[in-house]
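Load the model in your viewer and switch to a cartoon view. Keep a selection tool and a distance tool at hand.

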Amino acid sequence: MPSNHTESMKDLLETESELFALAVALAQAGHRYTCPTPLTIERVNSRPENRWARDVAGVFGWSRSFREGVVPHAVMRAMQAAGVLLADADGWRSRVRASTLDGALYLHSAYPTTAPDAVFFGPDTYRYVREIRWLLAQRTRPVRRAVDIGCGAGPGALTIARACPDALVRATDVNPAALLMTRVNARVAGIRNVQTQVSDLLRDVPGQYDLIVANPPYMRDMAGRAYRDGGGALGEGIALTIARTAPQRLAPGGSLLLYTGVAMVNGADAFLEAIRLQLADSGMSWSYEETDPDVFGEELDTPAYAGAERIATVVLRVDAAAG
């Protein structure tokens, strides 16, 4: 089984129409796939019977090599046109995957996501979208302007756009390949109120927003992959910057939802302690919840996390006064 997909996504930036055609072909083929953790994919793919894909999900979900006849001819032609079909021994493999969430299909990077510009999708994505749906159900004020910081494949932005069809939803990312995937995924879903823009957090987008959401990278990644490396001592850097700056961009009555991860050291949540005083003096209401006490446990074996006892996911919500 190929163990190293290092191809950059940069050469796909001019193939938006072809990637859209591929996504449509996959949808028409009935493709469905729930994306697990990389460690789960590694374990399942290591079973001898999974050396070769036997169906479309094996190719576009599990990122297995495949032989002729496994995928429909229409999908094979679309792969060739989009430049995602790669020769592999006496078969092929795909440079992209497609996962499903809420019945919608999302193109993103193939496993393993080793390229610096890989586009992430995984269990955190499902949790993030669930939190967005919950917040939207709680809000009583309309959302007219929203932004998803670090949109990746676009699930956050598309969830908001689908629920708030009259809103302008900006999807921002530093990775042009992520914005490409977001545009393709929005087209497949028939969503027209999402605009993509290259931006480092909110630096290059103007104005105030009724809703700001973010699921930033929160790991300490020695390879420096943009989708995974959160900076700081233990991956908290980007999340801290968002927590400090995004509330200033909320419109009256606006909300920030920040889904991130925290490395716990000696029982302490350093991220919460860092933002507690700032939020206490902001005049805004806020809430903070630990939503999963133990994720990415394998990282505790790495030197970067030698002092950590667990990594938890948390959700910060900040609400501006109605004015």
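The tour below goes from a sheet to the helices on it, then to one arginine and to the salt bridges. The model is a predicted one.

**The sheet**

Start by selecting the strands β5 to β11. These 7 strands make an open sheet with mixed pairing, and their order across it is β7-β6-β5-β8-β9-β11-β10. Colour residues 194–198 and 285–292 next: these are β7 and β10, the edge strands, each of which pairs on one side only. Looking across the sheet, the twist from one strand to the next averages 15 degrees.

Now narrow the selection to residues 145–149 and 168–173. These are β5 and β6, a parallel pair joined by 5 bridges. Which residue of β6 stands opposite V147? Show V147 and look across to β6: the residue there is R170.

**Helices on the sheet**

Add residues 176–189, helix α7, to the view. Helix α7 packs on the sheet and touches β6 and β7, and its direction makes about 170 degrees with that of β7.

Then select residues 237–245, which form helix α8. Four strands lie under the path of this helix: β5, β8 (209–214), β9 (250–264) and β11 (310–319). Helix α8 runs at about 160 degrees to β9.

**R139**

Go to the loop between α5 (123–138) and β5, and select R139 there. Is R139 buried or exposed? Its relative accessibility is 13%, so R139 counts as buried, the cut-off for buried being under 20%.

Display the neighbours of R139. Leaving aside residues up to four places away in sequence, R139 touches D210, G253, G254, S255 and R317. For S255, show the side chains: a polar contact of 3.0 Å links that of R139 to that of S255.

For a sense of scale, draw a C-alpha to C-alpha distance from R139 to W92. The two residues are 48 Å apart in space and 47 residues apart in sequence.

**Salt bridges**

How many salt bridges does the structure hold? There are 13, and the stops below cover some of them.

Begin with R317, one of the residues that R139 touches. The side chain of R317 meets that of D319 in a salt bridge, at 3.1 Å from N to O. R317 is buried, at 16% relative accessibility. D319 counts as buried too, at 18%. Next select D221, R225, R228 and E299, which are joined into one network by salt bridges that share partners.

Move on to D102 and R133, whose side chains form a salt bridge with an N to O distance of 2.7 Å. What does this pair tie together? D102 is in the loop between β3 (96–101) and β4 (104–109) while R133 is in helix α5, so the salt bridge links parts that are 31 residues apart in sequence. D102 is partly exposed, with a relative accessible area of 49%. R133 is partly exposed as well, at 36%.

Finish at helix α9, residues 270–280, and show R276 and E273, which both lie in this helix. They are 3 residues apart, about one turn of the helix. The salt bridge between R276 and E273 has its closest N and O atoms 3.1 Å apart. R276 has a relative accessible area of 35% and is partly exposed. E273, at 48%, also counts as partly exposed.

Notes:
Residues numbered from 1 in each chain as written. Predicted model: local features only at pLDDT ≥ 70, side-chain atom pairs only at ≥ 80, totals over all residues. Heavy atoms only, no water. Pairing = 2+ DSSP bridges. Helix = DSSP H or I, 4+ residues; strand = E, 2+ residues; numbered from the N terminus. Axes fitted to C-alpha atoms, helices over the stretch in contact; angles between N-to-C directions. Contact = heavy atoms within 4.5 Å. Buried < 20%, exposed > 50% of the residue type's maximum accessible area, 1.4 Å probe, protein only. Polar contact = N/O pair within 3.5 Å; in protein donor to acceptor, adjacent residues only side chain to side chain. Salt bridge = Lys/Arg side-chain N within 4 Å of Asp/Glu carboxyl O.
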